[in-house]
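I set down here what I looked up in this structure, entry by entry.

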Amino acid sequence: MDTAFKKSFPNDKQQFSWDHMTMGVCYYPEHWDENLWADDLARMKESGISVIRVAEFAWSKIEPAENEFDFSFFDRFLNLCLEQKMNVIFSTPTATPPAWLTEAHEEVLNARMDGVLYRHGCRKHYNYNSPVYQDYCRKIVTQSAMHYGPHPAVIGWQIDNELNCELRDFYSEADDTAFRAFLQEKYETLNALNQAWGTVFWNQTYTDWKEVHLPRLTPAQGVNPHMKLDYCRFLAESTFRFCKMQADILRRYIKPGDFITTNGMFSHIDNHRMTKECLDIYMYDSYPNFAFGLGTQPDKDPLCDRWNSKNQNEVRSICPHYGIMEQQSGAGGWTARMEGPAPRPGQLTLWAMQSVAHGADFISFFRWRTCTFGTELYWHGILDYDNRENRKLREVKDFYTKFQTLSPLCNADYVSSFGLLKDYDNIWDMEADIWHERIASYSDNEIFAGAELSNLPYDVLYLQKDSTLSELTRYPVLLYPHPLIMSKERAALLRAYVEQGGTLILGCRSGLKNTYGICEMLPQPGLLQELTGTDVRDFTYTSPAEEDIYADWNGSRLSMPVFNDVLTPLPGTDVLARYANGYYAGEAALTEHRMGKGRTLHLGSAFSRESLPGLLHYAGVVSPFAELIEADGRDVELTLRRKDGRSFLFALNFRPAEITFVLKKKMRFLYENREVSGGQTLPAFGTAVYEVL
């Protein structure tokens, strides 16, 4: 049997990694006649597949009726896998509680905000906080782990499936009770809660804990924003506890060396804490076509399905060397919603290499064969309904051949030019505050676009309670776009970063709120004013009735979109750019304030793809590709992975037409193991990986 190894990483972000580039596929033996199993496994092995994921929706195959466990189905399948030398990632089936459970116990079901229950018939119809559901989950996970954990074909375990997919909000009676308990533990007294939530506004003051509920239907969507912020924190805590409950059970029964993971990346989850405290490795589900478009309309959007790289930047912040549990291999769509085109020839490889370029060393395609029934009968896999050889299977085989040439870069680190700071407080505040959401979402998308088009790769770094200065100092330049919520502890960490020599770039609306989401009665930018050396006395959304606002920066036009803070420099602060139009023309738009060995740049607006390259260049950010390749960022995505002094350059063409670029140094083209330099050509949707010599 192929095996992987456990390894501790210095940053403690993961405890497991693959020891070689590994290819897998998602398989559902319960969907197929058992006579197909052996042939399916043999064809997988011939294609280069050595790992399959199973059982995430198969509760009834293990517990067909309450307390009646039957392990024979997966015993037969796992024994066949052992014969065929196929490794298996086994899943806990808690994403789809069976009908016998939900009929007997309605309290396990999730509900809409108005209290109407979600019923059996789809998936994710449960809630995390039902004590009854927790008991049933403990039982099925324990029985599965005890029985299948020792099996030699099993190498890892997936918890649930895509936590918080389909439904990220929970409004059941059990959630209401759990939310109240969460708040009592956090605030201890109603006076403290009333203060934190500003309940004196609109006469919302609570006098008894039984009056406190989950967010409920209100006129004009007027839910208390401070309640909504705590609600998001509660959902993240509930998801974490549900995951940890299962992880703790699995650790008691699985074999040494087998890993625990989960898949997807969805909201209302502290994925960093969950990975750190529950998992060995984190897995992402990569669907570029479904989420970001076909990729054949570069004139409408020059990035097209390159937008998937934005998500993978986030995944890498959770787990630097991650896996892809579900890599798109066919058209995606349900009978009830969603529809998408098939990947064009080359795109299956392109999307998989996009994942590898960003740090994935395990690629598992979804799925082996398209299901002939059910809601996902249009979510296509490698094989189609007819089970015949097709171009997708041929491309999977070709991808495997290319994938194996990349073995030297397994566990290689992604090389970035700067760091992008985020935190969950501000992400969740965006849900309660549409002003915050509009500004921050605009900047987040434009920062990615500007970085991609300028060949300036970046890492995402989440500030958490246990974040250290050493994590920040890995990056000479950090961009923290719009941290409206700011704490004294976080401000002190940022100050330490700047004082030791870092460059911090902040945008508008920074430092406006405390951790409860309440605006501080301080001169803006609040707790960050010492760092910025600015005073914000006037501010406004840019008006669609006026011309685009911009600033003059040494004769260059600096876009100042969405929202403008009018900056007043304090003593010791230099003005780099001034507004050129608007009623505040002539006032400071971009400033620089030095502190210790470092500095803070304060931009009085959101960030744009046009403004970002100039700001980063001024801050000292350089492209890691400058001496390696001459390529237009509009044509090709470039990434660099580095390991043991060796550098590996990825060039990915997301366009439906041939592109050219120039290699400035001699390199080894890994797919063909030959040395190349100078002008190179990539076909439509083509990829290339080079080792720098």
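**Entry 1. Cysteines**

Is cysteine 122 buried, partly exposed or exposed? I note first that the model is a predicted one. I looked up the relative accessible area of cysteine 122 and found 45%, so this residue is partly exposed.

I then searched for disulfides, accepting a pair of cysteine sulfur atoms within 2.5 Å. The count comes to zero. For cysteine 122, the nearest cysteine sulfur belongs to cysteine 165 and is 9.1 Å away. Because a disulfide requires sulfur atoms within 2.5 Å, I record cysteine 122 as being in no disulfide.

I checked cysteine 508 in the same search, and it is likewise in no disulfide. Its nearest cysteine sulfur, that of cysteine 519, is 14 Å away. Cysteine 508 has a relative accessible area of 0% and is therefore buried.

**Entry 2. The chain as a whole**

I next looked up the overall fold. The protein chain has 19 helices and 28 strands. Its C-alpha trace spans about 80 × 75 × 45 Å along the principal axes.

I asked what radius of gyration a compact globule with 693 residues would have. The expected value is near 26 Å, and the protein chain has 26 Å, which agrees.

Of the 693 residues, 60% are buried. I also looked at contacts between residues at least 6 apart in sequence, and 73% of these join residues at least 24 apart.

For the surface, I noted an exposed area of about 26,800 Å², of which carbon and sulfur atoms supply 50%. I counted charges as well: the protein chain has 70 positive and 91 negative side chains. The centres of these two sets lie 3 Å apart.

**Entry 3. Cis peptide bonds**

I turned to the backbone geometry, bearing in mind that most peptide bonds are trans. A cis peptide bond joins phenylalanine 366 and arginine 367, with omega about -15°. I located arginine 367 in the loop between strand E10 (362-366) and helix H13 (391-404).

I found another cis peptide bond between glutamine 524 and proline 525, where omega is about 10°. Proline 525 is placed in the loop between strand E15 (503-506) and helix H18 (529-532).

**Entry 4. Positive phi**

Most residues other than glycine have a negative phi. I therefore noted asparagine 554, which is not a glycine and yet has a positive phi of about 55°. Asparagine 554 sits in the loop between strand E17 (550-553) and strand E18 (556-559). With a relative accessible area of 72%, asparagine 554 is exposed.

I made a similar note for aspartate 644, whose phi is positive at about 50° although the residue is not a glycine. The loop that holds aspartate 644 runs between strand E24 (637-643) and strand E25 (646-652). Aspartate 644 counts as exposed, at 71% relative accessibility.

**Entry 5. Histidine 226**

Which residues are in contact with histidine 226, leaving aside its neighbours within four places in sequence? I found Ala196, Trp197 and Gly198 among them. The list also includes Tyr516, Gly517 and Ile518.

I placed histidine 226 in helix H8, which covers residues 225-253. Is histidine 226 buried or exposed? At 15% relative accessibility histidine 226 counts as buried, because the cut-off for buried is under 20% relative accessible area.

Conventions
Residues are numbered from 1 along each chain as its sequence is written. Side-chain values use heavy atoms; hydrogens and water are left out. Helices (H or I, at least four residues) and strands (E, at least two) are DSSP runs, numbered from the N terminus. The radius of gyration is taken over C-alpha atoms; the globule rule is 2.2 Å times the number of residues to the power 0.38. Buried means under 20% relative accessible area, exposed over 50%, partly exposed in between (1.4 Å probe, protein chains only). Contact means heavy atoms within 4.5 Å. Accessible areas come from the Shrake-Rupley method with a 1.4 Å probe; for residues, only the protein chains shown count as cover. Lys and Arg count as positive and Asp and Glu as negative; His and the chain ends are not counted. The place of a charge is taken as NZ of Lys, CZ of Arg, CG of Asp or CD of Glu.
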